[in-house]
Amino acid sequence: MYKYDHYDQALVDARVAEFRDQINRRIAGEITEDQFKPLRLMNGLYLQLHAYMLRVAIPYGTLDSRQMRMLAHIARKYDRDYGHFTTRQNIQYNWIKLEECADILEELATVEMHAIQTSGNCIRNISSDQYAGAAADEVTDPRPWAELLRQWSTFHPEFSYLPRKFKIAVIASPEDRAAMRLHDIGLELIRQDGVLGARVFVGGGMGRTPMIAPEINPFVKADDLLSYLEACLRVYNRYGRRDNIYKARIKILIHEIGADEYRRQVAEEFAHVKTLGIDPPLAELERITAFFAAPAYDAVDVETDRSDPDFAVWLDQNVKPHKQAGYAIVNISLKPIGGIPGDATSAQIDVMADLAERYSFDELRVTHAQNIVLPYVAKRDLYAVWQGLRDAELADANLDLISDIIACPGLDYCSLANARSIPVAQKIATRFADMDRQRDLGELKLKISGCINACGHHHAGHIGILGVDKKGVENYQLTFGGSGAEDVSIGKIIGPGFDEDGVVDAVEKATEVYKALRQGDERFIDTYRRVGLEPFKEAIYG
């Protein structure tokens, strides 16, 4: 994984010192909250319902055991002994004191971490495939390109004050594990006639007006990629709405002028940008790529002993094939029955760090589904890893099942939310606690948002739940048919909303309809797409 050089470290250290001064001036009353707000947001600090929330960047979801232990330390020392892993592959702390924030950032800087550009109208954390470097289906490792984009976008002078926040995802597999087309820019690295390049999708996103990004260019050569993205951003920065926050995202611009016109303007701008020489020299790309060399694999392929039935279930559900013989990809679920999706205690974070250091070449990944991955585990070590996870209450075998719920913090924490997400997630998971029942239902991606901003990705859920305020009462709308994968789609609202218990009942009724109508190994979403909304609507509403 990438390691800072002295330029990276100096940049982060200088930002910590700068923000410490800004915090001190705010505490002393020398600047107002209105003046302080844009400064703190650029450093990942939000003011939530009960306290400050700090969002720490985990670039493309990759970190090592030293960094993971620091996250545990921050949780113990400065928060309430836990952290919340997010759908942007970051981590959030919900109970931060303003006077301690600079100390947190200073400690993070000692392990090459920061909170820069985790908020604000700028290019946010670059996200990627959590199986990058380990997946058998990738054409190349996307992480060097994600790192290149991180360096390009951090403190970019032209894109630090965009019309609205901006999110980029990079994948290199035909299977989309990063919801790539629901980003402002999505890149799929491909090879064409032996040449590496990218399909470029622009204008996706969820929130108030969910849209799937159209393909803007079927192939941009890797040598031209930074210049092409610079052109994409320039057109948006030039014409994006700054007078209306609800129309400020790039998806609205492309919807209004049309993908063809946007494509034409980007091509025109690209021709100019190519004269500026901003694409990195080959030596720089090689320098970055060297950090992502394959680990020193040394295991032989072995048959895994499945005699322990609990281990066998976990093996089938949470362990995925690896491109290297003798190895596997281990998914750690942060979705225990009755727990808070994405949360992990400091002790659990330490355990995951220990397991990564011992069994996964000292590397972990955060997923956009709020789970953790150990990407390089030898098959001979799988049972030991499972035992360590089991002892830490991290061995739930529910990856991609109905209890593997994505949920935003909702009204329990967020000042923007209209309804609570966490209790609904807990009740649904508890209703479907029986593992045999979950496995019988198969892949069923359920996602919950506490407001229209869609931080819980409800638009992309096979079943999505959106919490709204209905005359002062929390109300939950159901959507069916969404997907963030390569079969990307936006879910449709099925009808009037429900109260908290009613939406849990409605989800259960939907699963009963699915079981009655499915054919063979059809997933929930496949059955829904085949039979349509009406059978589900009739069963739920009568």
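# Exercises on a predicted four-domain model

Ten residues of domain 3 are in contact with ten residues of domain 4. The structure used in these exercises is a predicted model, and each task below is followed by a worked solution.

## Exercise 1: Domains

Task: State how the protein is divided into domains, and find what distance separates the centres of domain 3 and domain 4.

Solution: Begin with the division itself, which gives domain 1 (6–109), domain 2 (134–288), domain 3 (309–391) and domain 4 (407–541). Next, take the centres of domain 3 and domain 4 over C-alpha atoms, and the separation comes to 26 Å. Finally, return to the contact between these two domains, where ten residues of domain 3 meet ten residues of domain 4, contact being counted for heavy atoms within 4.5 Å.

## Exercise 2: An antiparallel sheet

Task: Work out the order of the strands in the open sheet that contains β3 and β11, and explain why one side of each of these two strands is left without a neighbour in the sheet.

Solution: Read across the sheet, and the five strands come in the order β3-β14-β15-β12-β11, with antiparallel pairing. Because β3 and β11 stand at the edges and each has a single partner strand, one side of each is left without a neighbour in the sheet. Then look at one pair within the sheet: β12 and strand β15, which covers residues 372–378, are joined in the antiparallel sense over five bridges. At the level of residues, N331 has V373 in β15 as its bridge partner. The last step is to add helix α10 (residues 309–318), which packs on the sheet and touches β11 and β12, its direction making about 50° with that of β11.

## Exercise 3: A mixed sheet

Task: Identify the edge strands of the open sheet that runs from β6 to β10, and describe how helix α6 lies across strands of this sheet.

Solution: Five strands build this open sheet in the order β6-β7-β8-β9-β10, and their pairing is mixed. The edge strands are β6 (127–128) and β10 (215–221), each of which pairs on one side only. Moving to a single pair, strand β9 (residues 195–202) and β10 run in the antiparallel sense and share four bridges, and V200 is found opposite N217 in β10. To complete the picture, helix α6 (residues 225–239) lies across β8 (185–192), β9 and β10, and runs at about 150° to β8.

## Exercise 4: Cavities and a pocket

Task: Determine how many cavities of 30 Å³ or more the whole structure holds, and describe the linings of the largest cavity, the second largest cavity and the second largest pocket.

Solution: A search of the whole structure gives five cavities of 30 Å³ or more, and the largest has a volume of about 180 Å³. Its lining consists of 16 residues, with M1, Y2, P59, T62 and Q67 lying nearest the centre, and the elements that contribute two or more residues to this lining are β3 (62–63) and α5 (143–153). Sorted by class, the lining of the largest cavity holds ten nonpolar, three polar and three charged residues.

The second largest cavity contains about 120 Å³ of space. Among its 13 lining residues, H114, I116, N125, R150 and T154 are the closest to its centre, and by class this lining has five nonpolar, six polar and two charged residues.

The second largest pocket has a volume of about 640 Å³. It is lined by 33 residues, of which Q130, E175, R177, D400 and K445 are the closest to its centre, while β11 (319–321), β12 (327–332) and β17 (446–449) are the elements that each give two or more residues to the lining. Division by class yields twelve nonpolar, eight polar and 13 charged residues for this pocket.

Terms used
Residues numbered from 1 in each chain as written. Predicted model: local features only at pLDDT ≥ 70, side-chain atom pairs only at ≥ 80, totals over all residues. Heavy atoms only, no water. Pairing = 2+ DSSP bridges. Axes fitted to C-alpha atoms, helices over the stretch in contact; angles between N-to-C directions. 1 Å grid on protein atoms, 1.4 Å probe; cavity = no way out; pocket = protein on both sides within 12 Å on 5 of 7 lines; lining within 4 Å. Points joined across faces, edges and corners; volume = space filled by probe spheres on them. Nonpolar A, V, L, I, M, F, W, Y, C, P; charged D, E, K, R; others polar. Domains from an automatic or database assignment.
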